[in-house]
Amino acid sequence: MMDDQILPGTGRGTSEAGGGGAPNSVALEEAPLHPAAARRGPPPRAGEDLRTDFPGITPGWHYLDSAVTAQKPQSVIDAIARGYGPDYASVHRGVYQRSANMTLAYEAARRRVAGFINAASENEIVFVRGATEGINLVAQSWAAEQLKAGDRILLSQLEHHSNIVPWQLVAERVGAQIDVIPLTEDHRIDLDAMAAMITPAHKLVALAHVSNVLGSVLECRRAADIAHGVGAKILLDGCQAVPRIAVDVQALDCDFYVFSAHKLYGPTGIGVLWARAALLEVMPPWQGGGAMIDRVTFEKTTYAPPPGRFEAGTPHIVGALGLHAAIDYVESVGLDRIHAIETALVRETREALSQINSVRLFGPEDSAGIVSFVIEGVHPHDIGTILDEAGVAIRAGHHCAQPLMAVLGVEATARASFGAYSDASDVAALIKGIERVTRIFG
């Protein structure tokens, strides 16, 4: 380790890594926190209409596609604008004050994420481009090193392609095999089946915390207990969970957790991999370049400790500030409130759709923020197109879950998904549009 780190004790941002001298570490520690990072969200505003916080939600437009990406509150947009405007500078290696301030802000975002999911340490937080990259990092660094021929990986039938394909790639590489947990009748991951089929040959379990198609919520702690009972590690895909459910990675007792910022009302291009510190310590770098090194010579290179080891190159600096602001916003509203809003709208939507004979619903009654359905004789793309004419935006397709579509016996579904800004007018517009669809194709 070098002695002139920008952030003492982290192994990140050394002059050797950046190719330049570092300012005095004490001065940096005393530097004021970046305004975007220091600003906390407003106090909870019970009963206030949240739609006014989102400039993307224009009058007469009903956005029901939050599962693919959430609209952004003005506070996040402002934080990003400041980050790219009067506060902009690179991080970890500048000798001037603005760069030092931005470094502090970037690392403050890491601490904010750690607190949001109750990580034991900020050094367990790795910034990645999104959940997809986080899963690939675990697959190519941890799994590729730890798995061998004959080992097994356990997935479920409802996984997103991002939680299937990376494991197929590593399984082909090392000679491992993949097994798949079936679903219950109400479209949840069948943990009884998981307990019956898991063996000591299974070294990794990778499951969605909340299904992006069905909205079904995994009983994570039980899944972790089953996995750990045979010595397997467990990774949870939290993309659909973090915007609506309080996540405590220590209480869940998982080993890896990933999510993307843009589904959490933050910017695209940045996400989070959380992993237990002991696991990160034994994982080799996945990508090489600047910032992830300790010392480089032509004879040998040594690497920074986690998380810097896994953050090669210039990071998505402003993305981290936007993620910080998004977490501030979500916590100012309250996850309990967001969950209550979505729960009520899911219930209302399912009840209304169940009254239309040609509609088939998927997922459990208590699905989290997501309602998937088909209309007999109508392709989901036609549903989406007709709804768009009425100002209702839904998703139509296989939702990056083609194996699940096969299980459900359909090629695609229509999917309505809610967010903090959703309200009863969105449901009314959706149902009115669906009724029009049934008349057109009647």
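# Salt bridges and backbone outliers

R110 has a relative accessibility of 0% and therefore counts as buried. In this predicted model, R110 is paired with E311 in a salt bridge, and the count of salt bridges comes to 20. The points below cover three of these pairs, one network, a cis peptide bond and two residues with positive phi.

**R110 and E311**
- The closest N and O atoms of R110 and E311 are 2.7 Å apart.
- This pair links distant parts of the chain, with the two positions 201 residues apart in sequence numbering.
- R110 belongs to helix α5, which covers residues 97-116, whereas E311 sits in the loop between β10 (301-303) and α12 (317-333).
- E311 is also buried, because its relative accessible area of 9% falls under the 20% limit.

**E133 and R129**
- A salt bridge joins the side chains of E133 and R129, with an N to O distance of 2.7 Å.
- E133 counts as buried at 13% relative accessibility.
- R129 counts as exposed, since its relative accessibility of 59% is over the 50% limit.

**D366 and R188**
- D366 and R188 form a salt bridge in which the closest N and O atoms lie 2.7 Å from each other.
- D366 is in the loop between β11 (359-362) and β12 (370-375), and R188 is in the loop between β4 (177-181) and α8 (191-197), so the pair ties together parts of the chain that are 178 residues apart in sequence.
- D366 has a relative accessible area of 49% and is partly exposed.
- R188 is partly exposed as well, with a relative accessible area of 24%.

**Network**
- R51, D423 and D426 are joined into one network by salt bridges that share partners.

**Cis peptide bond**
- The peptide bond between P306 and P307 is cis, with omega at about 0 degrees.
- P307 is located in the loop between β10 and α12, and E311 is placed in the loop between β10 and α12 too.

**Positive phi outside glycine**
- A291, a residue other than glycine, has a positive phi near 80 degrees.
- The position of A291 is in the loop between α11 (277-282) and β9 (293-296), and its relative accessible area of 11% makes A291 buried.
- H399 is likewise not a glycine, and its phi is positive, near 60 degrees.
- The loop between β14 (395-397) and α15 (402-408) holds H399, which counts as buried at 8% relative accessibility.

Methods
Residues are numbered from 1 along each chain as its sequence is written. This is a predicted model: local features need pLDDT of at least 70, side-chain atom pairs count only at pLDDT 80 or more; totals for chains, interfaces and linings use all residues. Side-chain values use heavy atoms; hydrogens and water are left out. A salt bridge is a side-chain nitrogen of Lys or Arg within 4 Å of a carboxyl oxygen of Asp or Glu. Helices (H or I, at least four residues) and strands (E, at least two) are DSSP runs, numbered from the N terminus. Buried means under 20% relative accessible area, exposed over 50%, partly exposed in between (1.4 Å probe, protein chains only).
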